[in-house]
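Subject: Structure handover and what I found in it

Dear colleague,

I am passing on the structure below for you to look at, and after it I set out what was found. Please keep it open while you read, so you can look up each place as it is named.

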Amino acid sequence: MRSVLYRFPDLQQFEQIVCSPEEGDLELGLPAGEVVADGEWVLAIFELGENRRATSAAACASVSPEGARLTFEPRDWRRLAHFAQTEATRPGSIPDTDAPALPLAAGEARPAAPPRAQGSGSAVRAPSQPAPPPQGGKGARVLVVDDEAPLRELLSAMLEAVELAVVAVASAEEALELVRGSAFQLVVLDWNLPTMTGIELCRTLRREPGLRELPVLFLTANASSQDMVHAFASGADDYMVKPFRAPELRARIFSLLRRSRRGAS
């Protein structure tokens, strides 16, 4: 997945744009020097201030005679707004960056004000709204979904060592039953699962009202850029390729938990 870089001189300018959009307008103009293809999914990365604190969100590009723009899903736009509203007052106990470690677009980019928009199965039991994770993310409930038992054990031990409550299952069906019945703050999900794939599970979560805000991090051996595009298009919040580095995985998990806490508040 290609990235598009927005740079803001300070948090206040970023907040002004993402917290005060026109009604129904969840779009941003493309930064100067960036080029996208119509219908392309890209990762928009936002760098704020001199210390370059960052956050990111997937967006779909559209190109028209009026110019190119990126359109964001409502849940991702709300996440950007929560980031802007709370970042300045957050303690530094969680890793500073929300942005996945993907290559940034070349060239200097400047933020563009959002243009106005051009025009315009069977029932399932939804759980109660998940409780926000405790301050700092410690104690949050994380569901690990992977069909390889050694990896489930490794992830469980690694995450429990940083005071997360881990439940690990081998199939998407087991995971779906669990999240429908109890609260989790994050799902760490493999792509290649028996019967129902990780992509199908992620799409199912995004269709269910009580689960569509549940953060999903893909941890998979599928390493192609097209696989990453499919994952983000299905509703993933982050994507990591196996083999992984434990410190990076922990940093990304706590970053997603921080976003989840903001959304719940």
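Of the 265 residues in this chain, 51% count as buried. Please bear in mind from the start that this is a predicted model. The chain has seven helices and 10 strands, and it exposes about 12200 Å², of which carbon and sulfur atoms supply 52%.

I begin with the sheet. Five strands form an open sheet with mixed pairing, and their order is β1-β3-β4-β5-β2. At its edges are β1 (3-8) and β2 (27-29), each of which pairs on one side only. If the direction of the strands is ignored, neighbours in this sheet are turned by 40 degrees against each other on average. Strands of a sheet pair through backbone hydrogen bonds, and they can do this in a parallel or an antiparallel way. Here β1 and β3 pair in the parallel sense over six bridges, and V4 stands opposite A44 in β3.

Next comes the interior. The largest nonpolar core has 30 residues, and those that touch the most other members are L143, V145, V179, V187, L189, L201 and F218. Several elements each supply at least two residues of this core, namely β3 (41-48), β6 (141-145), α4 (172-181), β8 (186-189), α5 (198-207), β9 (216-220) and α6 (225-233). Apart from it lies another core, of 24 residues, which includes L11, I17, L30 and W77.

Two residues are good places to follow the contacts, if neighbours within four places in sequence are left aside. For F218 the partners include L189, D190, W191, G198, I199 and C202, and also A231 and Y239. D190, found in the loop between β8 and α5, touches V145, D146, D147, G198, F218, L219, T220 and K242. Is D190 buried or exposed? D190 has a relative accessible area of 4%, which is under the 20% limit, and therefore it counts as buried.

The same loop between β8 and α5 also holds T195, but T195 has a relative accessibility of 74%, which is over the 50% limit, so T195 counts as exposed.

The helix α6 has the buried residues D227, M228, V229, A231 and F232, and the buried residues of this helix pack against β3, β4 (53-64), α5, β9 and β10 (238-241). After α6 comes G235, with a positive phi near 115 degrees.

Finally, there are some backbone details to check. Most residues other than glycine have a negative phi, and most peptide bonds are trans. Against that background, T195 has a positive phi near 65 degrees although it is a residue other than glycine. E163, also not a glycine, has a positive phi near 70 degrees, and E163 is placed in the loop between α3 (149-160) and β7 (165-169). Which peptide bond is cis? The bond from K242 to P243 is cis, with omega near -5 degrees, and P243 has its place in the loop between β10 and α7 (246-264).

With best wishes,
A colleague

Terms used
Residues are numbered from 1 along each chain as its sequence is written. This is a predicted model: local features need pLDDT of at least 70, side-chain atom pairs count only at pLDDT 80 or more; totals for chains, interfaces and linings use all residues. Side-chain values use heavy atoms; hydrogens and water are left out. A nonpolar core is a set of buried Ala, Val, Leu, Ile, Met, Phe, Trp, Tyr and Cys residues joined through side-chain atoms within 4.5 Å. Buried means under 20% relative accessible area, exposed over 50%, partly exposed in between (1.4 Å probe, protein chains only). Contact means heavy atoms within 4.5 Å. Two strands pair if DSSP finds at least two bridges between them. Axes are lines fitted to C-alpha atoms, for helices over the stretch in contact, and angles run from 0 to 180 degrees between N-to-C directions. Accessible areas come from the Shrake-Rupley method with a 1.4 Å probe; for residues, only the protein chains shown count as cover.
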